[in-house]
Amino acid sequence: MSDIDKIKQELKKLNLEYAKIKDLAPEERKDFGIKLNKKREELNRKLQEAIDSAEAGEVSPIDITAPTGINQDVKSIPRGTRHPLMTELDKVAEIYNKMGFNVIEAQQLDDEYHMFESLNFPEGHPARDGYDTFRTEEGFIPPAHTSTMQHRALKRFKSDLENGGQIAVVIPGRVFRNEDVDATHEHTFYQCEGIFVSKDATLGQALGVMKKFFETYYGQELNIKTQPGYFPFTEPSLEFLIEKPKSLGGKGDGWLEMLGMGMIHPNVLKMAGIDPTIYKGFAWGGGIDRLVMLKYGLTDVRYFESGKLEFLEEF
Ligand code: DAH
């Protein structure tokens with residue numbers, strides 16, 4: 001029997017006691033009545049308490065058999081880990097940050113203007129074909145490269161130039177391409193963009209920043225070289241290569257193309273409201289996946305997006 005039922009039964013018994021009053025001598029009746037009333041008040045209070053605690057129990061039942069604290073069952077549940085690309089992206093951002101660059105994050109959905117026009121690809125420009133990506137039904141564009149952020153970053157930090165400083169910013173982000181997926185091509189991957197603008201920025205400075213970045217990331221000195229490239233948003237445009245380090249499996253003969261770079265095209269500066277006759281800048285952008293693959297000797301980029309636990313658990 002529950003506490004509530006027990007109290008109700010006591011109350012019922014008590015009510016029967018009241019019937020006895022009429023059999024008592026008149027002078028005894030008052031005291032007897034007071035005693036019964038007190039008892040009834042007490043039982044009613046107890047009944048209310050029992051009802052309250054039962055209702056509270058319905059909301060959050062206390063299961064005294066449930067395990068408390070961390071026991072063996074909890075410990076044996078596998079814990080999630082960070083995706084290796086996110087960990088490495090943080091390292092990349094930190095290296096640039098220590099060199100004095102701001103870090104902002106790229107958008108994952110962009111528009112035609114930031115994808116093309118603001119980067120000096122006018123409508124119908126043949127180089128647009130090299131950035132084949134997806135579109136939403138509403139016409140938004142999952143960006144094919146992090147360069148879509150250049151225009152925004154230039155505008156956002158323009159006041160630093162006007163105050164006598166420089167624009168120095170890196171922009172890591174997730175990018176998308178309409179690719180035939182294979183061991184070296186993914187539809188979804190990561191890039192890091194960089195922009196530097198000052199009154200006297202040079203290509204020599206750009207190469208110095210790049211070399212320093214790759215040497216810090218791989219923790220060793222590296223041989224570098226450039227070759228001509230073409231991007232509508234830089235002039236001149238270069239491809240930046242590093243010699244595959246012996247410690248990372250290189251045989252002293254392989255050159256790896258790590259990023260695209262160049263001096264920011266005057267039209268790109270102009271569109272962001274920066275006078276190209278006063279200011280100059282360099283920009284660069286490169287894949288994070290490839291950077292990480294070289295570091296860990298991975299041969300298939302598809303692992304990153306695969307969600308395979310055996311792969312992820314290695315990191
Ligand atoms: N966005 C280019 C790509 O994905 C790479 C690139 C080239 C970025 C030159 C730059 C640059 O900022 O100046 O192919």
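This is a short walk through the structure above, from its overall layout to the ligand and then to two details of the backbone.

Let's start with the big picture, keeping in mind that the model is predicted. The domain assignment splits the protein into domain 1, covering residues 3-77, and domain 2, covering residues 84-296. If you take the C-alpha centres of domain 1 and domain 2, you will find them 74 Å apart.

Now let's turn to the ligand. Where does the ligand sit? Its place is the largest pocket. Three elements each give two or more residues to the shell around the ligand: β3 (188-198), β6 (255-264) and β7 (280-287). There are 16 residues around the ligand, and those that come nearest are H145, S147, Q191, E193 and T234. Sorted by character, the shell holds 8 polar residues, 6 nonpolar ones and 2 charged ones.

With the surroundings in view, we can look at individual atom pairs. On the nitrogen side, a polar side-chain atom of H145 is 2.7 Å from a nitrogen atom of the ligand. Q191 also brings in its side chain, with a polar atom 3.0 Å from an oxygen atom of the ligand. W284 takes part through its backbone, where an N or O atom lies 3.3 Å from an oxygen atom of the ligand. How much of the ligand's accessible area does the protein cover? On its own the ligand has 360 Å² of accessible area, and the protein covers 93% of it.

Finally, two spots in the backbone deserve a look if you are checking torsions. The peptide bond that runs from E235 to P236 is cis, and its omega is near 0 degrees. P236 belongs to strand β5, which spans residues 234-243. The other spot is N120, in the loop that lies between α5 (112-115) and α6 (150-162). Phi of N120 is near 70 degrees, a positive value even though the residue is not glycine.

Notes: Residues numbered from 1 in each chain as written. Predicted model: local features only at pLDDT ≥ 70, side-chain atom pairs only at ≥ 80, totals over all residues. Heavy atoms only, no water. Near = heavy atom within 4 Å. Polar contact = N/O pair within 3.5 Å; in protein donor to acceptor, adjacent residues only side chain to side chain. Areas by Shrake-Rupley, 256 points an atom, 1.4 Å probe, with all protein chains shown as cover. 1 Å grid on protein atoms, 1.4 Å probe; cavity = no way out; pocket = protein on both sides within 12 Å on 5 of 7 lines; lining within 4 Å. Sits in = over half its atoms within 2 Å of the grid points. Helix = DSSP H or I, 4+ residues; strand = E, 2+ residues; numbered from the N terminus. Nonpolar A, V, L, I, M, F, W, Y, C, P; charged D, E, K, R; others polar. Domains from an automatic or database assignment.
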